[in-house]
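I opened a fresh page for this one and wanted to go from the overall fold down to a few acidic residues. Here are my notes, in the order I looked things up.

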Amino acid sequence: MQQYQFEKIYSQMEKEFGSIERGEEDFHTMMFYPMESNLLKTHRKYPSSNSRRLREAISLVLFDIKSRYTGEQFSLDKFRDDDNARLEYALLMSFDPFTNEELRSILTGELKMNLNDLDKLHDYYAEPISCLLRLRESVDTWEKRLGSNGYFEFAESYIGAQITGDDLIYAVIEME
């Protein structure tokens, strides 16, 4: 895979799932809060996992998700390093049942979700994908305004006081 193809995932996912408009983020707080909390906790522990690495991590996560609901495999090793992989993991822990065993247990147990049903997975991932696309726009905005670590500087000032501890949290997406 080439850099162009790696970055094209954003437009592909936006075309398929849509995106969240500015000002509409409050309707998606239940997904944004775990994502942003996990990212901020990870950045605090590993400052080299900065805003620039976050943009890469979001691409990696979008490919991870796409592989889960399509069955396709993507060769991403040349794009992954320790700094963006930590952020990739933090994001996936916030919603992905293939990464977060506790979440998997809830979805397959209490909520009786079949994780082998690719159509159900496609629908399940719609909310996280929309949030990831909006998060990427936020990263771009804050990098332009504040520099290479702009997103985390913004996040620290906006929600930093609310984010404590090291444990990564998650959201449960209930399907109908």
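Before counting anything, I reminded myself that helices and strands here are DSSP runs, with at least four residues for a helix and at least two for a strand, numbered from the N terminus. I also noted that this is a predicted model.

**Entry 1: the fold.** I looked up the elements and found eight helices and zero strands. Reading from the N terminus, I wrote the order down as α-α-α-α-α-α-α-α.

**Entry 2: overall dimensions.** I checked the radius of gyration next. It is 15 Å for the protein, and a compact globule of 176 residues would have one near 16 Å, so the two agree. Along the principal axes, I noted that the C-alpha trace spans about 45 × 40 × 30 Å. I then asked what share of the residues is buried. Of the 176 residues, 47% count as buried.

**Entry 3: Glu7.** I found Glu7 in helix H1. Is Glu7 buried or partly exposed? Its relative accessibility is 45%, so I put Glu7 down as partly exposed. I also took a distance across the model: the C-alpha atoms of Glu7 and Ala161 are 33 Å apart, with their positions 154 residues apart along the chain.

**Entry 4: Glu14 and its patch.** I stayed in helix H1, which covers residues 3-17 and holds Glu14. Glu14 has a relative accessible area of 38%, so I listed Glu14 as partly exposed. Which residues join Glu14 in a negative surface patch? I wrote down Glu21, Glu24 and Asp26 as the other members. Patch members need over 30% relative accessible area, and the 38% of Glu14 fits that cut-off.

Notes: Residues are numbered from 1 along each chain as its sequence is written. This is a predicted model: local features need pLDDT of at least 70, side-chain atom pairs count only at pLDDT 80 or more; totals for chains, interfaces and linings use all residues. Side-chain values use heavy atoms; hydrogens and water are left out. Patches are made of residues with over 30% relative accessible area and no salt bridge: like charges are joined within 9 Å, nonpolar side chains (Val, Leu, Ile, Met, Phe, Trp, Tyr) within 5 Å. Accessible areas come from the Shrake-Rupley method with a 1.4 Å probe; for residues, only the protein chains shown count as cover. A salt bridge is a side-chain nitrogen of Lys or Arg within 4 Å of a carboxyl oxygen of Asp or Glu. Lys and Arg count as positive and Asp and Glu as negative; His and the chain ends are not counted. The place of a charge is taken as NZ of Lys, CZ of Arg, CG of Asp or CD of Glu. Buried means under 20% relative accessible area, exposed over 50%, partly exposed in between (1.4 Å probe, protein chains only). The radius of gyration is taken over C-alpha atoms; the globule rule is 2.2 Å times the number of residues to the power 0.38.
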